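Student: Please take me slowly through a single part of this structure, explaining each term as it comes up.

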Amino acid sequence: MSLKFLAEDDRPREKFLQKGKNSLTDSELLAIIMGSGNREESVLELARKILASVNNNWHQLSLLSVKDLMKFKGIGEAKAISIITALEIGRRRAGQEIPERSVIGNSHDAYSILKNHLSDLRTEEFWAIFLNNSNKVIYTSQLTQGGISQSIVDVRVLFKTALEHFSTGVIIAHNHPSGSLKPSKEDINITKKIKEAGNVLSIQLLDHIIITQNSYFSFSDAGLL
């Protein structure tokens, strides 16, 4: 295959990374699934030919069998199965309901989400819940895992994750294996640091929760935010 074809084979992936999945044409999406073309055609040219054979209709393409797809030069059994599998995933996705996201209205809602992760640990861990404008949970993540007495969180990692998920609010939490609900000086300092960084990025720190085996402490409820 010529260098021209090799370069063209890489373009859909580069476009995906640079501009996002919505920027890709149907043929570029199919090209990514296939991965490569044949000696005479680049993967994009082969993708265009396959789609043209079904009037550029994904529904029509999904009706083709492995044998049908293998009639195209450059499509072996593995590629044919990959194409059919991708279309089947799309069909199943279309038939599923979008799961309802949890809404956090108070500290107890956040505690209910995090207690199973943090209440029974022997070492400290630092977690965060990322929320949208409606206080619906977008993403929940463990950020650090530390020793018996402390788990230091990197503020840059916290807000990098928030930005990646287009979050407008964040709730942070960590556990105290000692069983004490009293915030330490370090707990207070990191809360202040995260709140100030969030203000710069317009990402609000909604709460910091300390979790023990049987209970929790909320900075927000205590008026410490």
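Student: What kind of crossing does α2 make as it passes α6?

Tutor: α2 passes α6 in a right-handed crossing, a name used when the near helix is turned clockwise from the far one by less than a right angle, whereas an anticlockwise turn would be left-handed. Please keep in mind that this is a predicted model, in which local features need pLDDT of at least 70 and side-chain atom pairs count only at pLDDT 80 or more, while totals for chains, interfaces and linings use all residues. Residues are numbered from 1 along each chain as its sequence is written, and side-chain values use heavy atoms, with hydrogens and water left out.

Helices here are DSSP runs of H or I with at least four residues, numbered from the N terminus. The axis of α2, residues 26–34, comes within 9 Å of the axis of α6, residues 77–94, and the two cross at roughly 130 degrees. Such axes are lines fitted to C-alpha atoms over the stretch in contact, and the angle, which runs from 0 to 180 degrees, is taken between N-to-C directions. The crossing angle makes α2 oblique to α6, since angles under 35 degrees count as roughly parallel, over 145 as roughly antiparallel, 65 to 115 as roughly perpendicular, and the rest as oblique.

From α2, the contact (heavy atoms within 4.5 Å) is made by Leu 30, Ile 33 and Met 34, and from α6 by Lys 79, Ser 82, Ile 83 and Ala 86. These residues divide into five nonpolar, one polar and one charged, where Ala, Val, Leu, Ile, Met, Phe, Trp, Tyr, Cys and Pro count as nonpolar, Asp, Glu, Lys and Arg as charged, and the others, Gly among them, as polar.

Ile 83 deserves a second look, for, not counting residues up to four places away in sequence, Ile 83 touches Leu 30, Ile 33, Met 34, Leu 61, Leu 69 and Ile 75. In the largest nonpolar core, which has 18 residues, Ile 83 is among those that touch the most other members, together with residues including Leu 30 and Met 34. A nonpolar core is a set of buried Ala, Val, Leu, Ile, Met, Phe, Trp, Tyr and Cys residues joined through side-chain atoms within 4.5 Å, and buried means under 20% relative accessible area with a 1.4 Å probe, protein chains only. Two or more residues of this core come from each of α2, α3 (43–52) and α6, and the largest share, six residues, comes from α3. In soluble globular proteins, nonpolar side chains tend to be buried together.

Notes
Buried < 20%, exposed > 50% of the residue type's maximum accessible area, 1.4 Å probe, protein only.
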